[in-house]
Amino acid sequence: MKLVPNKKLTRKFYTRDVLTVAIELLGKILVKNEDGIILSGKIVEVEAYNGEIDEAAHTFVGKTKRNEIMFGEGGFFYVYFTYGNHFCCNVVTGDIGKGTAVLIRAVEPLAGEDIMIKNRFGRKLKNEKEKFNLTSGPGKTCQAFSITKKHYGIDLTGDEIYILDSKKLKEEEIGTSQRIGIKKSVHLPWRFFIKNNQYISRK
DNA sequence: ATCAAGATTACCT
DNA sequence: GGTAATCTTGATA
């Protein structure tokens, strides 16, 4: 797919197969622009979820109030709350009715890193090592970006939360593994990450 | 109305 | 390496 560097990804990008979108989202730039505060990060780790064949997907059981947005058109934001503490954010993919989405598991901070530090720790960094604990997981990323239920259903082709294009990664730069933290459909190799990146959640 | 599980994280040994 | 914390959601009655 032909795309222009540093331009916002369009609806067409998102309304494709979930695995294709998941892999191509690596290296792209997640941007949040709210109340004049701009936060951004390079996407370095994702997971694909497909309710049609994947028991771990929230959409596997059919439509509920929580997963409704995942059954809509691609290019919308699916945010959910889990384990009593954490939000996780996803990019809905495919056509209406598919129930597929990509979980953003980790990013590498770009703009607004100082604000992310404040959002995560409420203080300054204690050491250099702590820097890599900023956004190295789905819950951490949402906390750093102040992403909550309030952002459920946002249109990613809009101006509040969106994703910028970037140069396509080479195949050898991308790693694949089983997904993390699930108990069903564990075998599916649907986690994708940028090899040797310091911000991925696990080796 | 009640209950069990969960796409996690931080902290412990 | 292991596990407690914490509460929304979805299922069952």
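**Entry 1: around DNA strand B**

I began with the surroundings of DNA strand B in this predicted model, and I found 22 residues around the strand, of which the closest are His58, Tyr80, His86, Asn90 and Gly139. I then sorted this surface by class, which gave 10 nonpolar, eight polar and four charged residues. Turning to the strand itself, I noted that 51% of its atoms within 4 Å of the protein belong to sugar or phosphate, while the rest belong to bases.

**Entry 2: backbone contacts with the strand**

Next I looked up polar contacts made by the protein backbone, and I found that a polar backbone atom of Gly139 is 2.7 Å from a phosphate oxygen of DNA strand B, whereas for Pro138 the corresponding distance to a phosphate oxygen is 3.2 Å. At Tyr83 the partner is a base nitrogen of the strand, which lies 3.3 Å from a backbone N or O atom of that residue. I also listed the elements that give two or more residues to the surface near DNA strand B, and these are β4 (86-93), β5 (100-109) and α4.

**Entry 3: α4 and its neighbour α3**

I followed α4 (residues 138-145) to helix α3 (residues 113-121), and I noted that their axes come within 7 Å and cross at roughly 115°. The two helices are therefore roughly perpendicular to each other, and their crossing is right-handed. In the contact between them, Met116, Asn119 and Arg120 of α3 meet Lys140, Gln143, Ala144 and Phe145 of α4. By class, I recorded three nonpolar, two polar and two charged residues in this contact.

Key:
Residues are numbered from 1 along each chain as its sequence is written. Chains are lettered from A and ligands numbered from 1 in the order in which they are written. This is a predicted model: local features need pLDDT of at least 70, side-chain atom pairs count only at pLDDT 80 or more; totals for chains, interfaces and linings use all residues. Side-chain values use heavy atoms; hydrogens and water are left out. Axes are lines fitted to C-alpha atoms, for helices over the stretch in contact, and angles run from 0 to 180 degrees between N-to-C directions. Helices (H or I, at least four residues) and strands (E, at least two) are DSSP runs, numbered from the N terminus. Angles under 35 degrees count as roughly parallel, over 145 as roughly antiparallel, 65 to 115 as roughly perpendicular and the rest as oblique. A crossing is left-handed if the near helix is turned anticlockwise from the far one by less than a right angle, and right-handed if clockwise. Contact means heavy atoms within 4.5 Å. Ala, Val, Leu, Ile, Met, Phe, Trp, Tyr, Cys and Pro count as nonpolar, Asp, Glu, Lys and Arg as charged, and the others, Gly among them, as polar. A residue is near a molecule or strand if one of its heavy atoms lies within 4 Å of it. A polar contact is a pair of N or O atoms within 3.5 Å; within protein, one must be able to donate a hydrogen and the other to accept it, and residues adjacent in sequence count only if both atoms are side-chain atoms.
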